[in-house]
Amino acid sequence: MPLRRTCPFDPPPGLAELRAAEPITRRVMPLDGTELWLVTSHDLVRRMLADPRWSSSLDGGLSPEQPLHVTQPEPGMFISMDAPEHGRYRRMLTAHFTVQRMNRLRPRIEQIVAERLDAMERLPRPVDLVAEFALPVPSLVICELLGMPYEDRAEFQAAARVIVDMTASPEQIDAAVAGLAAHLAKLIAAKREEPDDALIGELIREGALTDGELVQISMLLLVAGHETTANMLGLGTLLLLHHPDQLALVREGAPGAADELLRYLSIVDLVMFRGAKEDLTLGGQEIKAGEFGLASLAAANRDPALCEDPDRLDVTRPKTAHVALGFGPHQCLGQNLARLELEIALQALLRRFPGLRAAVPLEEVPVRENAAIHGVHSLPVIW
Ligand code: HEM
């Protein structure tokens with residue numbers, strides 16, 4: 001079961017061979033011994049993620065303390081729900097995440113990015129790009145979108161880190177979730193009194209959701225909306241620093257750069273678990289109801305059937321049908337925001353500091369080993 005990346009930019013070694021030989025194959029998770037179907041080709045990953053017979057109501061899976069199991073999600077935690085409940089929430093939220101709605105945030109995102117770059121410029125070098133830029137930018141943006149005071153960030157950043165840490169114990173995760181939920185419940189109660197124009201306020205005014213649902217939705221958006229983008233900014237910058245020709249193209253504003261970086265890095269990878277709700281066939285394999293499946297987005301995104309020379313980073317590549325943002329009914333709700341943030345933040349960073357470079361060799365950059373989302377803990381840079 002290839003799980004560990006040896007290069008922070010590439011899928012774990014062994015996945016490419018599996019994809020070529022046996023794109024759906026029975027494997028045993030090394031940590032807890034769970035048996036599952038590992039799916040690695042682009043075609044089968046998409047078929048699996050689009051098929052309503054595969055359920056999303058699962059939890060755990062990457063640690064012996066949390067073996068993969070079926071969950072009963074809290075009302076509002078729609079990432080773990082299936083149709084028809086999932087669709088009800090998704091329909092309520094989609095209108096708030098369209099390209100047009102996200103474009104309205106553009107000036108505010110540009111301002112947030114410029115302020116963070118000003119702050120970086122004043123610091124003694126080397127500067128940690130993760131702490132000073134990659135993490136604060138998406139945190140500020142998601143706070144702005146939801147209408148959360150940015151002063152609350154220390155609490156939600158710490159909780160989010162525990163929630164996506166595969167080595168955290170069930171008790172640690174429960175405590176982080178409970179703390180964040182209590183905090184959000186207070187915020188939502190205050191907004192019921194005085195709803196503002198940000199997302200939580202708008203959802204309150206629309207009137208279809210309970211406080212409990214609003215807490216879970218806000219929690220999902222907070223965690224999904226900042227850990228992912230923060231890691232794309234950190235790891236994406238590191239990748240570009242190792243590809244100066246591609247970096248120059250991003251600085252000049254190559255329009256498809258965000259998608260190519262998403263495809264190439266596939267920072268959300270071996271956490272895409274599903275459970276078969278009934279007997280089914282996929283890629284010629286007979287899958288029994290109750291069996292688990294795992295879609296490798298990284299393997300699918302480097303499938304030669306997806307694009308030419310998939311292991312080459314090429315930010316001028318024509319648009320691909322990559323699956324870095326998922327596929328099917330659960331495809332990333334925040335994808336328009338993610339693209340916008342990546343485009344604005346990377347271009348502005350590279351334009352402000354044309355001489356940007358890593359202050360340490362690649363081997364010394366601390367890579368997140370145990371997180372459900374790939375990235376780097378810190379990235380010391382100079383310019
Ligand atoms: C750059 C970064 C991002 C990446 C790589 C990413 C990746 C993904 C992936 C792979 C899924 C599918 C999960 C599944 O099928 O189980 C997903 C779902 C989701 N993402 Fe993102 N995401 C990113 C940014 C964001 C942002 C900025 C937001 C919110 C503001 C967000 C909110 C969500 C939500 C709410 C879902 C669940 C959708 C559903 O279940 O219907 N994501 N994301």
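The following exchange asks how several descriptions of this predicted model are justified.

Reader: Which residues come nearest to the ligand?

Author: H86, R90, R274, H330 and C332 come nearest, out of 28 residues around the ligand. A residue belongs there if one of its heavy atoms lies within 4 Å of the ligand.

Reader: What makes the approach of H86 to the ligand a polar contact?

Author: A polar contact needs a pair of N or O atoms within 3.5 Å. For H86, an N or O atom of the side chain is 2.7 Å from an oxygen atom of the ligand, so the pair qualifies. The side chain of R274 also has an N or O atom 2.7 Å from a ligand oxygen. For H330, a polar side-chain atom lies 2.6 Å from an oxygen atom of the ligand.

Reader: Which elements give two or more residues to the shell around the ligand?

Author: They are helix 3 (85-94), helix 11 (211-241) and helix 15 (335-352). Helix 11 gives the most, with 7 residues. By class, the shell holds 19 nonpolar, 7 polar and 2 charged residues.

Reader: Why is C332 called a donor of the iron atom?

Author: A donor is an N, O or S atom within 2.8 Å of a metal such as this one. The SG atom of C332 is at 2.3 Å from the iron atom of the ligand, so C332 counts as a donor. C332 is the only protein donor of that iron. Its place is the loop between helix 14 (297-301) and helix 15.

Reader: How do you know that helix 5 and helix 7 are in contact?

Author: Contact means heavy atoms within 4.5 Å. On that basis R108, I109, I112, V113 and R116 of helix 5 meet P136, V137, L140, V141 and E144 of helix 7. These residues divide into 7 nonpolar, no polar and 3 charged. The axes of helix 5 (residues 106-121) and helix 7 (residues 136-146) come within 10 Å and cross at roughly 145 degrees. The crossing is right-handed.

Reader: What makes the peptide bonds before P84 and P126 worth listing?

Author: Most peptide bonds are trans. The bond from A83 to P84 is cis, with omega near 0 degrees. The bond from R125 to P126 is likewise cis, with omega near 0 degrees. P84 sits in the loop between strand 5 (69-70) and helix 3, and P126 in the loop between helix 5 and strand 6 (127-128).

Reader: Why is S266 singled out for its phi?

Author: Most residues other than glycine have a negative phi. S266 is not a glycine, yet its phi is positive, at about 40 degrees. S266 is in the loop between helix 13 (257-265) and strand 7 (273-276).

Notes:
Residues numbered from 1 in each chain as written. Predicted model: local features only at pLDDT ≥ 70, side-chain atom pairs only at ≥ 80, totals over all residues. Heavy atoms only, no water. Polar contact = N/O pair within 3.5 Å; in protein donor to acceptor, adjacent residues only side chain to side chain. Helix = DSSP H or I, 4+ residues; strand = E, 2+ residues; numbered from the N terminus. Nonpolar A, V, L, I, M, F, W, Y, C, P; charged D, E, K, R; others polar. Donors = N, O, S within 2.8 Å, 3.2 Å for Na, K, Ca; no water. Axes fitted to C-alpha atoms, helices over the stretch in contact; angles between N-to-C directions. Left-handed = near helix turned anticlockwise from the far one by under 90°.
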